[in-house]
Every structure is written in C-alpha cells, then in structure tokens.
Amino acid sequence: GRCYTWGSVLKRSGGHLHSDAAGYGRSFTELSKSAQRMLKLSVSEYITCSDASSRHNEPNEAAAAAAVAEEDSMEEHDLLEDYRRTAQVEVLPLNLGQAQPRVRRVASGFSFCVLLLEGGGAMAYGFNDRFQLGLGDRRIRGEPTPIPELEPLQLVDVACGQQHTCVLDAQGCAYSWGLGSFGQLGHGGYVDEPRPRLVTDLETLGTCVAVACGHLHTVVMLTPTY
C-alpha cells in the first residue's frame with residue numbers, strides 16, 4: 001500500500017532530523033544540567049546494580065537533584081516548545097521517490113524507519129549512527145533509500161529495535177544489522193553490522209515465520225525442522 005507519516009522524526013523541509021530535542025548526537029557537556037545529572041545517576045546505578053530504593057538515606061542528594069531540575073526547567077520547557085513547533089502534525093504521504101513503489105510492511109526504531117516493498121527489497125531512512133539503516137555507512141538519510149543487499153529478496157516481515165533491524169525473507173531466512181553490542185543481532189558476537197547479514201544459526205532450526213524486536217533484543221518464531 002501507500003505510506004503516510006507524521007510526528008517529529010523528520011523536518012519535511014530539508015530532511016534534517018530532530019537530534020537536538022532529546023540531546024541525541026550531542027556531547028555530554030552540551031546537555032542541560034538536569035540531563036547530565038540524570039545520566040550520571042543512571043550509569044552509577046547500572047554499575048552498582050542499585051535502584052532508587054537504595055538511596056532513601058541520601059536526602060541531600062535528592063534535594064540537590066531537585067534543585068538542579070527546578071533551575072533547569074525553563075531551558076527544557078523552551079526546548080520542548082521549539083521541538084513541537086518543528087514537528088509534523090499533519091498526516092502526509094511519505095515520498096518514496098519517482099517510482100513510488102508499493103509498501104508491504106513498515107517498522108520503526110529510535111528515529112529511523114525500514115519499509116519492505118511489495119516488489120522485493122527494502123528502503124530505510126532516519127538516524128544511522130550505528131548502521132541501523134543497513135547502508136554500509138553512518139550517514140543520516142532524510143528520504144527513504146534502497147538497501148542494496150536486500151534488493152533481490154522477497155521480504156515478508158520486519159522489526160526494529162532501538163538501533164537494530166531484523167527482516168525475514170520468503171524462504172524463511174532472517175537477516176539483521178545495526179547495533180550489535182548487546183548480542184541482539186544473533187551473529188554470535190557483540191559488534192555492529194553495517195549491512196544486512198544472514199543469521200546462520202537459525203538455518204538448521206527451522207523456517208522463520210515472524211520477528212519482533214525489543215529495545216536491545218530480537219525474537220524470531222520458527223516452524224521447526226524435524
């Protein structure tokens with residue numbers, strides 16, 4: 001079918017992505033004080049395996065955090081208002097180029113999208129810092145761009161995590177790419193994949209019939225091989 005889009009992934013004029021609103025793509029020192037403190041606490045809790053309940057005896061820290069957040073609230077409010085002003089609230093058709101191919105499936109991750117085409121192959125656009133578009137580089141794409149490695153394939157399902165993607169073809173094979181530092185690509189390691197790569201461990205297990213991705217993991221349903 002035809003694809004329509006809305007929200008704040010892309011500015012239609014120029015195709016520039018909204019990386020500023022959430023602090024995405026900025027250095028730590030460019031973030032607001034409250035965002036810096038939140039990030040520091042999150043990393044600290046992850047390392048120590050602690051949570052908010054373990055800090056109930058630290059009133060000074062809680063008070064300091066509240067003071068910083070209050071001080072910074074106006075900056076965050078202004079940024080959010082600017083973000084909303086540039087967001088696309090209308091439901092508009094997605095420009096797929098001159099040929100305007102029909103789309104079979106769509107999936108979105110963190111500010112990127114992958115589209116499966118009815119005639120075969122796939123297109124992707126959006127953020128690309130961890131190769132999540134499958135195009136072999138890290139350049140942001142403001143418009144849907146064909147993924148060369150998938151052009152010969154008839155694809156039937158797609159799912160996106162935060163920064164990774166997995167697709168299934170008509171033969172029941174799975175291909176994944178993008179962020180791999182948590183093992184979410186299924187290739188037996190923790191490295192990113194710049195282009196679609198066959199998940200070979202599934203070939204002897206059965207035929208893939210459905211796929212879903214979470215934040216940092218992937219789930220595939222198979223019809224087993226007996």
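## A strand wrapped on both sides

Let's start with strand β9, which is covered on both of its faces: Ala-174, Ser-176 and Gly-178 are buried on one side, and Tyr-175 and Trp-177 are buried on the other. Because 5 of the 5 residues in this strand, residues 174–178, are buried, β9 is largely enclosed by the rest of the structure. Keep in mind as you look around that this is a predicted model.

Which strands pair with β9? One partner is strand β8 (residues 164–169), which pairs with β9 in the antiparallel sense over 5 bridges. Within this pairing, you can find Thr-165 and look for its bridge partner in β9, Trp-177. The two strands β8 and β9 make a hairpin with 4 residues between them, and Gly-172 in the turn has a positive phi of about 85°. Another partner is strand β10 (residues 193–198), joined to β9 by 3 bridges and running antiparallel to it. Here Ser-176 has Arg-197 of β10 as its bridge partner.

## The whole chain

Now step back to the full protein. It has 2 helices and 12 strands. Reading from the N terminus, the order of elements is β-α-α-β-β-β-β-β-β-β-β-β-β-β, so to speak of the helices is to speak of the second and third elements in that order.

The protein has 226 residues, and 33% of them count as buried. What share of the contacts with a separation of 6 or more comes from residues 24 or more positions apart? The share is 48%.

## A buried charge

Asp-157 is a good residue to visit next, and you will find it in strand β7 (residues 155–160). Asp-157 is buried yet has no salt bridge. The nearest side chain of opposite charge belongs to Arg-105, 4.1 Å away, whereas a salt bridge needs the atoms to be within 4 Å.

What lies 3.2 Å from a polar atom of the side chain of Asp-157? The backbone nitrogen of Val-211 does. Leaving out neighbours within four places in sequence, Asp-157 is in contact with several residues, including Leu-116, Val-167, Leu-168, Val-209 and Ala-210. Arg-105, Cys-166 and Val-211 are also among its contacts.

## Cysteines without partners

One of those contacts of Asp-157 is a cysteine, Cys-166, which leads to a new topic. A disulfide is a covalent bond between the sulfur atoms of two cysteines. How many disulfides does the structure hold? The count is 0.

Why does Cys-160 have no bond to Cys-113? The sulfur of Cys-113 is the closest cysteine sulfur to that of Cys-160, but at 6.8 Å it is too far for a bond. Cys-166 is in no disulfide either, and the nearest cysteine sulfur, in Cys-213, is 5.7 Å away. Are these two cysteines buried or exposed? Cys-160 counts as buried at 11% relative accessibility, and Cys-166 is buried too, with a relative accessible area of 2%.

## A buried residue in a loop

Our last stop is Leu-96, which sits in the loop between β2 (88–93) and β3 (103–108). Leu-96 is buried, with a relative accessible area of 8%.

What does Leu-96 touch, not counting residues up to four places away in sequence? The list is Pro-101, Val-103, Leu-115, Met-123 and Pro-144. You can also look for Arg-2: this residue is 94 residues from Leu-96 along the chain, yet their C-alpha atoms are separated by 9.4 Å.

How values were computed:
Residues are numbered from 1 along each chain as its sequence is written. This is a predicted model: local features need pLDDT of at least 70, side-chain atom pairs count only at pLDDT 80 or more; totals for chains, interfaces and linings use all residues. Side-chain values use heavy atoms; hydrogens and water are left out. Buried means under 20% relative accessible area, exposed over 50%, partly exposed in between (1.4 Å probe, protein chains only). Lys and Arg count as positive and Asp and Glu as negative; His and the chain ends are not counted. A polar contact is a pair of N or O atoms within 3.5 Å; within protein, one must be able to donate a hydrogen and the other to accept it, and residues adjacent in sequence count only if both atoms are side-chain atoms. Contact means heavy atoms within 4.5 Å. A disulfide is a pair of cysteine sulfur atoms within 2.5 Å. Two strands pair if DSSP finds at least two bridges between them.
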